[in-house]
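User: Could you take a close look at one part of this model for me? I'd like to follow the strand pairing first and then move on to the ligand site.

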Amino acid sequence: MIEFKNLVKRFGTRTVLNGLNLKIREGEILFILGTSGTGKSVLLKNIVGLLTPDEGEIWIEDQDVSKFTEEQYFSIRKTCGMVFQHPALFDSLTVFENIAFGLRRHYQLDEDVIRAKVQKALKLVHLSGVEDKKPAQISYGMQKRVSLARTIALEPRILLFDEPTTGLDPVTTTAINQLILDLSRELKTTSLVVSHDMNCALSIADRIVVLDKGSIAAIGTPEELKASSHPLVKDFLSEVLEA
Ligand SMILES: Nc1ncnc2c1ncn2[C@@H]1O[C@H](COP(=O)(O)OP(=O)(O)OP(=O)(O)O)[C@@H](O)[C@H]1O
Ligand SMILES: [Mg+2]
């Protein structure tokens, strides 16, 4: 579904992704864990063309997108939706228009179809009745959910989440995690979730990758990771056990 082949990304003399190889299977939920600054967001941005790799290939379905033009990336964004670490909504647009924006941009749809899709997406993220508010009038957690709704409204087959629950309360965190699970199972999306939350990874991931200094330190099912002797994996796990 998605495959990274020997992916290298540098900023100046600093190598952030250091020859990364990874194959993500269709329909799986893959969690990417790693300490701050290890290249998790950079990895996701390379998939959607916000950054381009210095070396290596990125295969999405049957296309190597690493050398795509801006125009070719536009079409990939319908297949591959990204939910950013920070909401980045349009301040001057209402919640409704923020979610409708991508739908209007990518599809020719009647207004009532757009309305129905926006409503459905808001319902999925447990937000209703805020359609006419501007981002500044709702809380950060609500903005994050709007940003999630904006992405899922396009019904992408691949979903990339960059820390979808960081900064959210425990109730919303559980709801968002459940949503990731539901979307993956019901809509058969392939989900790549960058997270710091080992607890959540252990409960919903099919597989977990632990990144360290731009390479894969460990990869496996939750059960396999629990049995890992890798120091970084143990560090992540000890937080769960202490909590
Ligand atoms: N556009 C950029 N230009 C230069 N350096 C960058 C750029 N984007 C990221 N970096 C650097 O790449 C490294 C990895 O950044 P990245 O945002 O991927 O970290 P992360 O693993 O997502 O961390 P966090 O958990 O804090 O979000 C950092 O050292 C960062 O400073
Ligand atoms: Mg990040």
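Analyst: Happy to! Keep in mind that this is a predicted model. A good place to start is Ile-2, which stands opposite Ile-60 in β4. That pair brings us to strands β1 (residues 2-11) and β4 (residues 55-60), which run antiparallel and are joined by five bridges. Both strands belong to an open sheet of four, with the order β2-β1-β4-β5 and antiparallel pairing. At its edges are β2 (14-24) and β5 (63-64), each of which pairs on one side only.

Next comes the helix on this sheet. Helix α1 lies across β1, β2 and β4, and runs at about 120° to β1.

The same helix takes us to the magnesium ion (ligand 2), which is coordinated by Ser-41 (OG) and Gln-85 (OE1) at 2.0 to 2.5 Å. These two residues link distant parts of the chain: Ser-41 sits in α1 (residues 40-47), while Gln-85 is in the loop between β6 (80-83) and α3 (95-106), 44 residues apart. Gln-85 counts as partly exposed because its relative accessibility is 24%, and the range for that class starts at 20%.

Now for ligand 1, which is surrounded by 14 residues; the closest are Arg-14, Ser-36, Gly-37, Lys-40 and Ser-41. In the side chain of Ser-36, an N or O atom is 2.4 Å from an oxygen atom of ligand 1. For Lys-40, a polar side-chain atom lies 2.8 Å from an oxygen atom of this ligand. Gln-85 also has a polar side-chain atom 3.1 Å from an oxygen atom of ligand 1.

Conventions:
Residues numbered from 1 in each chain as written. Chains lettered and ligands numbered in written order. Predicted model: local features only at pLDDT ≥ 70, side-chain atom pairs only at ≥ 80, totals over all residues. Heavy atoms only, no water. Donors = N, O, S within 2.8 Å, 3.2 Å for Na, K, Ca; no water. Buried < 20%, exposed > 50% of the residue type's maximum accessible area, 1.4 Å probe, protein only. Pairing = 2+ DSSP bridges. Contact = heavy atoms within 4.5 Å. Axes fitted to C-alpha atoms, helices over the stretch in contact; angles between N-to-C directions. Near = heavy atom within 4 Å. Polar contact = N/O pair within 3.5 Å; in protein donor to acceptor, adjacent residues only side chain to side chain.
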